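Let's take a look at two spots in this protein: one residue and its surroundings, then a pair of helices. Keep the structure open while you read.

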Amino acid sequence: MDKYCVFGNPIAHSKSPDIHAAYAAQTGQQLTYEKRLAPLDGFAAAVHAFIAEGGKGANVTVPFKLEAHKLAGALTVRAQAAGAVNTLIFGDDGSITGDNTDGAGLVADIVHNAGVPLAGKRVLLLGAGGAARGVVLPILEHRPAALLIANRTVATAQALAEQFGALAGPGVLSACGYADVQGAFDIVINATSASLNADLPPVPASVFAPGALALDMMYGAQPTVFMQFAARHGAIVRDGLGMLVEQAAEAFLAWRGVRPHTADVLQQLRAKL
Ligand code: ATR
């Protein structure tokens, strides 16, 4: 049986073992997938120990995504762009390749699960931290009409817009602070960690175009404050559970060469929240 795991600290809450077990059963792949608590100062050692035990790959979650990026000897284009790694692939030759499937997961959830194409749309991305940076390239690849990155610390948003500016068409990518967001958007993505503290990025309610999709990367049993705000102003709301399931499907594809179906797994996880 090929061995996989997810490294994090804390890790007890992780749903990844359930998701990958379901994908393995569905696709007939022979593998095991477990949770591994890595010490805060012992991530690299934990990865090397897992490889020595015959591990074939791993997912990486908070707080090790930047360290995983440093540890990988090779990076996929999307992991380079994200500056962070959530998926490691261990080669038989001892190589460690870093990938990042978070952005592809978000885009798959929007386009396939929500059924909202990004092409030609006006997209507002709230936040400019690690979570936001990971989704900029996959969004731009779908050719939105506009992608505005808004952040509390404006300089961080501007740096992101500069980093990815050459990949976007003229005038497509821009950055500003929350108070300066103007116009309405078809898709509004909350990539801030504000929801963790039941906070709301202070954007005007006018950002939601009629029938807009509002997606919070966070999830829980109850809608986040951002989802409640968006729903009050007419948006169709979505949490981050679909993104979680889709990033796992992308990692499964990278490891096993087969992309599992996600709809049933998403429904089962939702029922357990
Ligand atoms: P993550 O990996 O979750 O993206 P991060 O890199 O620390 O974590 O980034 C957190 C993001 O949430 C940042 O964009 C942060 O804004 P700043 O860059 O101004 O710090 C944003 N954020 C966190 N708490 C927030 C709040 N209460 N209101 C608005 N934005 C918040």
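## A threonine and its polar partners

Start with Ala 194: its backbone nitrogen sits 3.1 Å from a polar atom of the Thr 192 side chain. That side chain also makes a polar contact, at 2.8 Å, with the side chain of Asn 190. Keep in mind that this is a predicted model.

So where is Thr 192 along the chain? You'll find Thr 192 in the loop that runs between strand β10 (185–190) and strand β11 (208–216).

## Buried or exposed?

Thr 192 has a relative accessible area of 12%. Buried means under 20%, so Thr 192 counts as buried.

Which residues does Thr 192 touch, leaving out those up to four places away in sequence? They are Leu 126, Gly 127, Tyr 178, Pro 201 and Met 218.

## Two helices that pack together

Now hop over to helix α9 (residues 241–256) and helix α10 (residues 263–272). These two pack at an angle of about 135°, and their axes are 10 Å apart. An angle that is neither over 145 nor from 65 to 115 nor under 35 degrees counts as oblique, and therefore α9 and α10 are oblique to each other. Their crossing is right-handed.

Who meets whom here? On the α9 side there are Leu 241, Gly 242, Leu 244 and Val 245, while α10 brings Leu 266, Leu 269 and Arg 270. Sorted by class, this contact has five nonpolar residues, one polar and one charged.

Conventions
Residues numbered from 1 in each chain as written. Predicted model: local features only at pLDDT ≥ 70, side-chain atom pairs only at ≥ 80, totals over all residues. Heavy atoms only, no water. Helix = DSSP H or I, 4+ residues; strand = E, 2+ residues; numbered from the N terminus. Buried < 20%, exposed > 50% of the residue type's maximum accessible area, 1.4 Å probe, protein only. Polar contact = N/O pair within 3.5 Å; in protein donor to acceptor, adjacent residues only side chain to side chain. Contact = heavy atoms within 4.5 Å. Axes fitted to C-alpha atoms, helices over the stretch in contact; angles between N-to-C directions. Left-handed = near helix turned anticlockwise from the far one by under 90°. Nonpolar A, V, L, I, M, F, W, Y, C, P; charged D, E, K, R; others polar.
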